[in-house]
Amino acid sequence: MDKLIERKDYLKQLSMWRETDMIKVVTGVRRSGKSTLFDLYIKRLKAEGVTDDQIILINLEDVDNAGLLDYRKLHEYVKTHMCKNKWTYLFIDEIQNCGEYEKAISSLYLRKKLDIYITGSNAYILSGELATKLAGRYIQIDMLPLSFFEYGMMVKTSDRKELFNQYMNMGAFPYAARFVDNSAAHSQYLEGIYNTVMVKDIMIRRKLTDASLLKSIIRFLAGNVGSPVSAKKISDTLTSGGRPTGSSTIEEYLDALTDSYLFYRVQRYDIKGKMQLKTESKYYICDTGLRNMILGVTNRDIGFQIENIVYLELLRRGNTVNIGKSGRGTEVDFIAVHDRQTVYYQVSASVLDQNTLERELAPLRQITDNYPKFLLTLDDYSNDYNGILQLNLIDWLRGDSKKDTVSRRY
């Protein structure tokens, strides 16, 4: 269990942009593996001949680096540790902890032969002055907890269904996978992540003061993963429960939750009208294990949980994802677009029941274009319904399904 999983896709992206005139910004929820990614990448650089003096690694969560939380001192430290006449690789972990960090980074960007890599646990780092000053000069790599494929490399079991149930119920934070046989330690670890994100990345970062309201909104979103949600709907629910709260306040908290990468907001798209819809969005959580910890349950709402898993996997595979409105009162779970290729996905735990099968196929059948259409289920068989391919979800997650050549990654 002490083996580090390589996270090959993320390493490939870092390598692709090595020694280019671009800042590499790795973002994602806390404990998704950003720091470990740097360690793995530095190991790869050294294997290719990069020497220790060419690497500057700064973790701004480390108390030993407290003096570098001032942007001037951070800037001076990097300047004095740069190599002469050869590339220096600068890695700064949790850059948002440095006040006015954008001033240091934008100045360091001007230095010759300085390859800059930074991480942040909040989308806010790319919504302010840094994004303005360096528009077009950085690439963003969004990091998620382990994919099912990666999880299977870390947690060994011969029963793939048991492995999937562990993945769905316990989640995929890399270090949490060490505790699959110790539920108490696992829950305690996830609770630590949850509290840290709440305090550091939401309340302190966004200057929010009502922890009780924040927890209520988190529980609402966790309990309604995959269901249409609006600020007004949450406001009405809380108000009816004796907690009057305005929609504008709810919207502020929702923005903070998505900025922290705890939740992802997915908008609806009218397939026929080819336009984004401004009505209710859907929210998916960054990790189903975290959702189960928040709600205090497992094996609940399996259909919504696997839908959440599919959404995250589509993101990992580089897709832009929307919910699809295909007709009056019908929706396609996901429209995934990657390299100008559109694919439609419907997700269901099982379609052994004929009525369920017809209900899941109906939205896909209403789409008149010729883009690929898939129905992902946990049923142990595949099928072809006049061009709509039914695939086993576990095979699809593992990359074993040769029929889904569009989105295979591994």
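**Reading a helix and a cavity**

Guide: This predicted model holds zero disulfides.

Visitor: What is a disulfide?

Guide: In general, a disulfide is a covalent bond that joins the sulfur atoms of two cysteines. The structure has none of these. As for individual cysteines, Cys98 is buried, its relative accessible area being 1%, and Cys83 also counts as buried, at 13% relative accessibility.

Visitor: How should one read a helix, and what span should helix α13 have?

Guide: An α-helix has 3.6 residues a turn, so residues three or four places apart point the same way. Helix α13 covers residues 302-316, and its 15 residues should span 21 Å at 1.5 Å a residue. The C-alpha atoms at its ends lie 21 Å apart, in agreement with that value. Just after α13, Gly318 takes a positive phi of about 85 degrees.

Visitor: How many residues of α13 are buried?

Guide: The count is 11 of 15, so α13 is largely enclosed by the rest of the structure. Among the buried residues are Ile306, Ile309, Val310, Leu312 and Leu314, together with Glu307, Glu313 and Arg316.

Visitor: How many cavities of 30 Å³ or more does the structure hold?

Guide: There are two. The largest cavity has a volume of about 70 Å³.

Visitor: Which element gives the most to the lining of the largest cavity?

Guide: That element is α13, with three residues. The lining includes Ile309, Leu312 and Arg316, as well as Pro145, Tyr167, Cys286 and Asp287. By type, the lining residues divide into seven nonpolar, two polar and two charged.

Note on methods: Residues numbered from 1 in each chain as written. Predicted model: local features only at pLDDT ≥ 70, side-chain atom pairs only at ≥ 80, totals over all residues. Heavy atoms only, no water. Disulfide = S-S within 2.5 Å. Buried < 20%, exposed > 50% of the residue type's maximum accessible area, 1.4 Å probe, protein only. Helix = DSSP H or I, 4+ residues; strand = E, 2+ residues; numbered from the N terminus. Expected span 1.5 Å × (residues − 1). 1 Å grid on protein atoms, 1.4 Å probe; cavity = no way out; pocket = protein on both sides within 12 Å on 5 of 7 lines; lining within 4 Å. Points joined across faces, edges and corners; volume = space filled by probe spheres on them. Nonpolar A, V, L, I, M, F, W, Y, C, P; charged D, E, K, R; others polar.
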